[in-house]
Amino acid sequence: MAFKRHIDRLPIIPADAKQHNVTCHFCIVGCGYHAYTWPMNKQGGTAPDKNVFGVDLAQQQEAETDAWYSPSMYNVVKQQGQDVHIVIKPDKECVVNSGLGSVRGARMAEMSFSEARNTQQQRLTDPLVWRYGQMQPTSWEDALDLVARVTATIIKEKGEDALYVSAYDHGGAGGGYENTWGTGKLYFEAMKVKNIRIHNRPAYNSEVHATRDMGVGELNNCYEDAELADTIFCVGANPLETQTNYFLNHWVPNMRGGTADKKNAELPGEEHPQVRMVFVDPRRTVTINACEAEAGKENVLHLAINSGTDLALFNAIFSHIAEKGWTDKAFIDASTSGFDDAVKANKTSLEDASKICGVSVADIEKAAAWIAEPKAEGKRRRTMLPYEKGLIWGNDNYRTNAALVNIALATGNIGRPGGGCVRLGGHQEGYARPSDAHVGKPAAYVDQLLISGKGAVHHIWGCDHYKTTLNAHEFKKVYKKRTDIVKDAMSNAPYGDRDAMVKAIVEAINQGGLFAVNVDIIPTKIGQACHVILPAATSGEANLTSMNGERRLRLTERYMDPPGQSMPDSLIAARLANNIERVLRDMGDAAYADKFKGFDWKTEEDAFMDGYHKVAGGGEFVTYERLRAMGNNGVQEPATGFENGKLVGTKRLYEDGKFSTKEGKATFMASEWRGLQAKGKQEQKDKHKYLINNGRANHVWQSAYLDQENDFVMDRWPYPFIEMNPQDMTDAGIKQGDLVEVYNDAGATQAMAYPTPTARRGETFMLFGYPTGVQGNVVNAGTNELILPNYKQTWGDIRKISDAPRNVEHLSFKPKEYKSA
Ligand code: MGD
Ligand code: F3S
């Protein structure tokens, strides 16, 4: 039977419940919520003065009422050691989501650590150290001393290049400006660590290098632009499932014609035709289905390209727009450079692109017209060009990113209402770190170096390579072997003798071992290989700032205690720095020890004031107190002032036509097509039958690190689905729900077959990063020249392993599409 929460009734939130500002800590959209908490022995009442909504709850409420919450929004958590009721419900006044919740964010409460209601009991509560052949709880003092001594010994003996670091660079869950500053100050200021990588890729680099090199920051518009656009040209993204409330609250109203007032006010005197939607994706997503239902099929164009051929398509569209004279000449002259050279270099005919991409000439032509053909009275079309992982984790990332920005610049669609060439984003952003210039370009391919036996100590902050890296099969094999060498040495060393323990670890490292430290909120898969695990607090358990996809900065206020001894990452970084400083001093190296000064933070706010407040653009205006006062609408970065008790921000970047280059001009870029660029991809494609396209699903947040303990999600997806064409399944003797093995030369993994009539023959789509079947096992090690991974272009074979197991029998395998009304 499908999952049910079996909740009969829930307490009414009393009128005097404490209210905290909360930004959903999951996806980039950053929906506004409120967390209400109140004592256990209290309940609100139905009378208007007895409940937080101020309405008579004895009466039937209207359909769109805000005066309700769902069981998933409720829990019992601790506040200053006492159990309290908590409700985390969407904020109707927040301009991002206007009261909408997503299937992920609306579960924030039930995804919280609760001893009273047994939720998220997997959370780490104490530091753990490898001892007596297993992980054992210990004190912070003990754990940090061991990490500091091993780390200090290694950086002194072998240099800082022997310290490897994996660290998230984001906002929201696990991240935030506080935490990226904490780790950044430790590894880039106290030390100059260069063998460092980011949570979702094997090197320290930008996912969207090209747009930045062209002078165009990747989050340059605002969510309102999706309401003002005449055309949305969406590349490699599935926003209904992955930026849900941005799509529902800003794209859908435009498709329904509901944003006319805004358009008339913002863009007076202009024709506002029905918005047109173009999607570039080899797969038909539910987003496309939803757009057809909302905007009408005739206003939706799906360019179902051959996997990895976006670049050729964009160059052809760019060439066609130039030929037709649909460019924005005034903008090109005033604000850009290199247009003519780019037109020459990227020249691609519609016919050539059609051959490469597998899309008809007519459809490419139509897409170009929908992007750029002027409206009535010669007014320019307002076209927004968003993109995400289909481009970012796709073939020839750098050039493809450039080719898309070329189209946006040629049509004058950056810095204008209804425009923007923007990544849709993943998680929220919260990057504040000292310069990373010493890392170099291209940055080190950390995972490959680890596989080849390099590195002595590995600090891992909120990343789980075992689930989320490429070449994961190989990585796990080697990583286990190397960390086992150190585990065995630790098991043989006497525990009371710290010097002997450190010596044993260093000797094991010298024999090819690796000492691994994992900072996380839950026990991870890579954590199984680690020697020390440090428990971190997450959003809501500490104050945390982050910005969303339109640069909207908010403060999520601490609303509950972190589990056990866990601490915010910023303070873990500070305490680690304090310990390394002490150990270096004990070793007699005062000069080196002095580099670790400046970490005397007592709270996460100290980290914020030391980091964001001092180094971020406009950061000097921003304090916790001011952000708290700005509530869930916050301020759009960069802040430009503080006036009349309010922070002033920036709605859109580049409205003045000045870009982020020395000359202030955006630069067009040559970006010629060169086939499947990453090593081994073409051979893989030639050899194997199926495209193993991969990505996200609505219910699941990232690698399911919290969802794996949530019955609602695990009941629906006990195993990662692999969408397959029904005829392909029949030919291979596979039935719905059967477990299949997906394999190629890079490795093998397992998934559950999900018949999908819209899947093209030979093309599949597998849920990425899942604990019960890791798609990254079959992604080969190939990257682009800047070490950007290419997860999406993966090919493999598929064979049946077993009939649907018991925990799959109850599942629905209905197509995911919905019918229009
Ligand atoms: P994906 O599913 O990774 O999600 O958000 P998206 O990028 O929207 O990939 C999007 C699409 O890329 C897929 O439909 C896939 O078919 C397409 N694609 C594959 N190959 C190609 C290609 O060659 N060309 C083109 N044009 N498209 C291709 C990702 C975003 O989602 C991120 S980065 C994060 S971190 C967040 N994670 C997340 C989550 O885990 N769950 C949910 N529900 N939402 C999330 N939001 C964020
Ligand atoms: Fe959360 Fe809103 Fe995304 S509820 S998961 S931020 S769409």
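In which loop is the place of Pro442? I looked this up before anything else. Pro442 sits in the loop between strand E14 (421–423) and helix H16 (446–451). I note at the outset that this is a predicted model.

**Entry 1: cis peptide bonds**

I went to Pro442 for its peptide bond. The bond from Lys441 to Pro442 is cis, and its omega is near 5°. I then looked up the bond from Glu637 to Pro638, which is also cis, with omega near -5°. Pro638 is in the loop between E20 and strand E21 (641–643). I wrote both down because most peptide bonds are trans.

**Entry 2: positive phi**

I turned to backbone phi. Tyr132 has a phi near 55°, which is positive in a residue other than glycine. I found Tyr132 in the loop between strand E5 (128–131) and strand E6 (134–137). Is Tyr132 buried or exposed? Its relative accessibility is 58%, so I put Tyr132 down as exposed, the cut-off being over 50%.

Asn471 also has a positive phi, near 55°, and is a residue other than glycine. I located Asn471 in the loop between helix H17 (465–468) and helix H18 (472–492). Relative accessibility for Asn471 is 11%, so I entered this residue as buried, since buried means under 20%. I kept these entries because most residues other than glycine have a negative phi.

**Entry 3: the sheet E18-E19-E20**

I traced a sheet next. Three strands make it up, in the order E18-E19-E20; the sheet is open and the pairing antiparallel. Which strands are at the edges? They are E18 (544–547) and E20 (635–636), and each of them pairs on one side only.

I checked the pairing of E19 with E20. Strand E19 covers residues 552–556 and pairs with E20 over two bridges, in the antiparallel sense. Leu553 has Val635 of E20 opposite.

I also looked for a helix on this sheet. Helix H2 (residues 177–190) lies across E18 and E19, and runs at about 100° to E18.

**Entry 4: Ser539**

I then looked at the loop that leads into E18. Ser539 is placed in this loop, between strand E17 (532–535) and E18. With a relative accessible area of 4%, Ser539 is buried. Which residues does Ser539 touch, leaving out those up to four places away in sequence? I listed His25, Leu544, Thr556 and Tyr559. Of the strands in Entry 3, E18 (544–547) has Leu544 within its range, and E19 (552–556) has Thr556.

**Entry 5: H6 against H8**

I moved on to helix pairs. Two packed helices are described by the angle between their axes and the distance between the axes, so I noted both values for each pair.

Helix H6 (residues 244–255) and helix H8 (residues 286–295) have axes that come within 9 Å and cross at roughly 40°. At that angle H6 and H8 are oblique to each other. Their crossing is right-handed. From H6, the contact is made by Phe247, Val252 and Met255; from H8, by Thr287, Ala290, Cys291, Glu294 and Ala295. Sorted by class, the contact of H6 with H8 has six nonpolar residues, one polar and one charged.

**Entry 6: H9 against H12**

Helix H12 (residues 350–357) packs with H9 at an angle of about 165°, and the axes are 9 Å apart. Why do I call H9 roughly antiparallel to H12? Angles over 145 degrees count as roughly antiparallel, and that makes the term apply to this pair. The crossing of H9 and H12 is left-handed.

In the contact, H9 brings Ala312, Leu313, Ala316 and His320, which meet Leu350, Ala353, Ile356 and Cys357 in H12. By class I have seven nonpolar residues, one polar and no charged ones for the contact of H9 with H12.

**Entry 7: Phe318**

I stayed in H9 for one residue. Phe318 is in this helix, which covers residues 310–324. At 2% relative accessibility, Phe318 is buried. What does Phe318 touch, not counting residues up to four places away in sequence? The contacts are Phe339, Ala342, Val343, Asn346, Asn406, Ile407, Ala410 and Phe668. I also took one distance: Phe318 and Ala210 are 17 Å apart in space, C-alpha to C-alpha, and 108 residues apart in sequence.

Technical notes: Residues are numbered from 1 along each chain as its sequence is written. Chains are lettered from A and ligands numbered from 1 in the order in which they are written. This is a predicted model: local features need pLDDT of at least 70, side-chain atom pairs count only at pLDDT 80 or more; totals for chains, interfaces and linings use all residues. Side-chain values use heavy atoms; hydrogens and water are left out. Two strands pair if DSSP finds at least two bridges between them. Helices (H or I, at least four residues) and strands (E, at least two) are DSSP runs, numbered from the N terminus. Contact means heavy atoms within 4.5 Å. Axes are lines fitted to C-alpha atoms, for helices over the stretch in contact, and angles run from 0 to 180 degrees between N-to-C directions. Buried means under 20% relative accessible area, exposed over 50%, partly exposed in between (1.4 Å probe, protein chains only). Angles under 35 degrees count as roughly parallel, over 145 as roughly antiparallel, 65 to 115 as roughly perpendicular and the rest as oblique. A crossing is left-handed if the near helix is turned anticlockwise from the far one by less than a right angle, and right-handed if clockwise. Ala, Val, Leu, Ile, Met, Phe, Trp, Tyr, Cys and Pro count as nonpolar, Asp, Glu, Lys and Arg as charged, and the others, Gly among them, as polar.
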